[in-house]
Structure formats: C-alpha cells, structure tokens
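User: Please take me through this structure by question and answer, with the cut-offs behind each term.

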Amino acid sequence: IEEERRKVLSLKSELNSTKDRIKDKEKQLIRTKTESESLIKQLEEFSSKLDYSSSEKCKEAIEHFKNKLDEKRKELDKIIKEEIENEKIKGISLSEIEKSEEIKKKVVNLEICPLCQSKMSEEHIRHVNEDADFRIKKSLENSNNAEDKLSKLKNSRLNIKKDLDNITEKIFLYEKEFERHRLINDKKELLKRTVNEEKDIE
C-alpha cells in the first residue's frame, strides 16, 4: 500500500508538472499566434504601398532611373556649353557693333585714311560707312540669333532641371521601396519560423 501510495504521489506530481508545462505551452502558443498575426498585418501594410512586385523589379527600376539621370545630366552639360558659346557670340557681336559705330563717328573727322594713307574723300567716307553698316547689320543678326538660341536653351535647361528633380525624387522613393522589399522578405522568413514554431507547440 505504501508503495502504491508513493506511486500515486509520484504520478500526481508528474501530472501537476505536465499541467504546468501545458499551461506554459498554451501561453507560448498564444504569444506565437499573436506574433504571427502581427507579422501578417505588417506584411499587408508594407505590401499595400508598393509599386513593384519584387525587390528585383524595384532594383531594375532604380538602375533605369539612374541611367536616365546620367543622360539628363549630360544633356544639361551640353546645354550649358551651348549657352556659354552663344553668350560669347552675343558679346563679340555687341562689341563689333560698338566698334563699327565708333568708326562711323570718327571717319567724318579724319582727313587721311588710317588704312590706305590717302586723303579722305566723300566716296571714301561713304565706302567706310557702308562697310560699317554691313558689319553692324551682320553683328546685329548674329546677336539676335544668339539671343533667340539663349532663350530656347534657357527653357530647355529649366525643363531638364525639372526632369532631374523628378527622377531624383523617384530614385529616392524606389530606394525606400527597395528597403521595404528587403524588410518584407525578412518578415516573411520570420513568419515562416513563427508558423513552424506554432505547429511544434501545437
């Protein structure tokens, strides 16, 4: 009887211990289920704000926009060079106009031509004035053409700068999205482990 009583006590103790372990496992199971539900919610939340279905596609988009950014920067450099060139043309043309106007003013007061060293005649003055007028007209055309080109180049430059801002913004957004994809993959791995743990506990 004593031996049977010891066995009963031992079984009772074992049973209590098993009940305690079951309670612990139940708590662990609740914790694990809560964790997996939380992970699922997070995954749904992260996935709802994505433009690309995978991190690979997102990475391709980033590369594409980075290439576009390089192209636009090259375009901008080319436009800036053209602007500098046209500024030079305009400056030279305006300087030529001033010089020709000065010649026209001075020629009236000259008695001897500084080029051919002969006496200044009416014909000579007329010839110098015609030449100066031709230079003024040509320089004015060049200056106006350069001004028109500068105006168009300025518009192109402003448009390219807008494009650059837009592309830079997209790259920034897609790099953030790429990080979210990475985070989603990590969360999926964690969810897989949590679900397996849940099954083990059950």
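User: Is Asp133 buried, partly exposed or exposed?
Analyst: In this predicted model, local features need pLDDT of at least 70 and side-chain atom pairs count only at pLDDT 80 or more, whereas totals for chains, interfaces and linings use all residues. Residues are numbered from 1 along each chain as its sequence is written, and side-chain values use heavy atoms, with hydrogens and water left out. Buried means under 20% relative accessible area, exposed over 50%, and partly exposed in between, with a 1.4 Å probe and protein chains only. Because its relative accessible area is 36%, Asp133 is partly exposed.

User: Which residue forms a salt bridge with Asp133?
Analyst: A salt bridge is a side-chain nitrogen of Lys or Arg within 4 Å of a carboxyl oxygen of Asp or Glu, and the closest N and O atoms of this pair are 2.6 Å apart. Asp133 lies in helix H3 and its partner in helix H2, so the pair ties together parts that are 29 residues apart in sequence; helices here are DSSP runs (H or I, at least four residues; strands are E, at least two), numbered from the N terminus. The partner is partly exposed, with a relative accessible area of 25%, and is Lys104.

User: Leaving aside its neighbours within four places in sequence, with which residues is Asn129 in contact?
Analyst: Asn129 belongs to helix H3, which covers residues 122-201, and its relative accessibility is 22%, so Asn129 counts as partly exposed. Its C-alpha atom is 9.3 Å from that of Lys105, although the two are 24 residues apart in sequence. Taking contact to mean heavy atoms within 4.5 Å, and with those neighbours left aside, the partners of Asn129 are Lys104 and Val107.

User: Which network do salt bridges that share partners form around Lys72?
Analyst: The side chains of Lys72 and Asp163 meet in a salt bridge at 3.2 Å, N to O. Since Lys72 is in helix H2 and Asp163 in helix H3, this pair ties together parts that are 91 residues apart in sequence. Lys72 is buried because its relative accessible area is 18%, whereas Asp163, at 29%, counts as partly exposed. Through shared partners, one network joins Lys72, Asp163 and Glu75.

User: How many residues apart are Lys33 and Glu202?
Analyst: Among the 15 salt bridges found in a search of the whole structure, one joins the side chains of Lys33 and Glu202 at 3.6 Å, N to O. Lys33 is partly exposed, with a relative accessible area of 33%, while Glu202 is exposed at 61%. Lys33 lies in helix H1 and Glu202 in the segment after H3, so that the pair links distant parts of the chain, and their separation is 169 residues.

User: Why are Tyr52 and Tyr174 called edge-to-face or stacked?
Analyst: Rings of Phe, Tyr and Trp (its six-membered ring) pair if their centres lie within 6.5 Å, and planes under 30 degrees apart count as stacked, over 60 as edge-to-face and the rest as tilted. Tyr52 lies in the loop between helix H1 (2-48) and H2, and Tyr174 in helix H3, so the pair ties together parts that are 122 residues apart in sequence. The ring centres of Tyr52 and Tyr174 are 5.1 Å apart and their planes are at 75 degrees, so the pair is edge-to-face.

User: Which elements give two or more residues to the largest nonpolar core?
Analyst: A nonpolar core is a set of buried Ala, Val, Leu, Ile, Met, Phe, Trp, Tyr and Cys residues joined through side-chain atoms within 4.5 Å. The largest has 12 residues in all, among them Phe65, Leu69, Leu153, Ile171 and Tyr174. The elements that give two or more residues to this core are H2 and H3.

User: Against which helix do the buried residues of H1 pack?
Analyst: The expected span of a helix is 1.5 Å times one less than its number of residues, so the 47 residues of H1 should span 69 Å, which agrees with the 68 Å between its end C-alpha atoms. Buried residues in H1 include Leu29, Thr32, Ser36 and Leu39. The helix against which the buried residues of H1 pack is H3.
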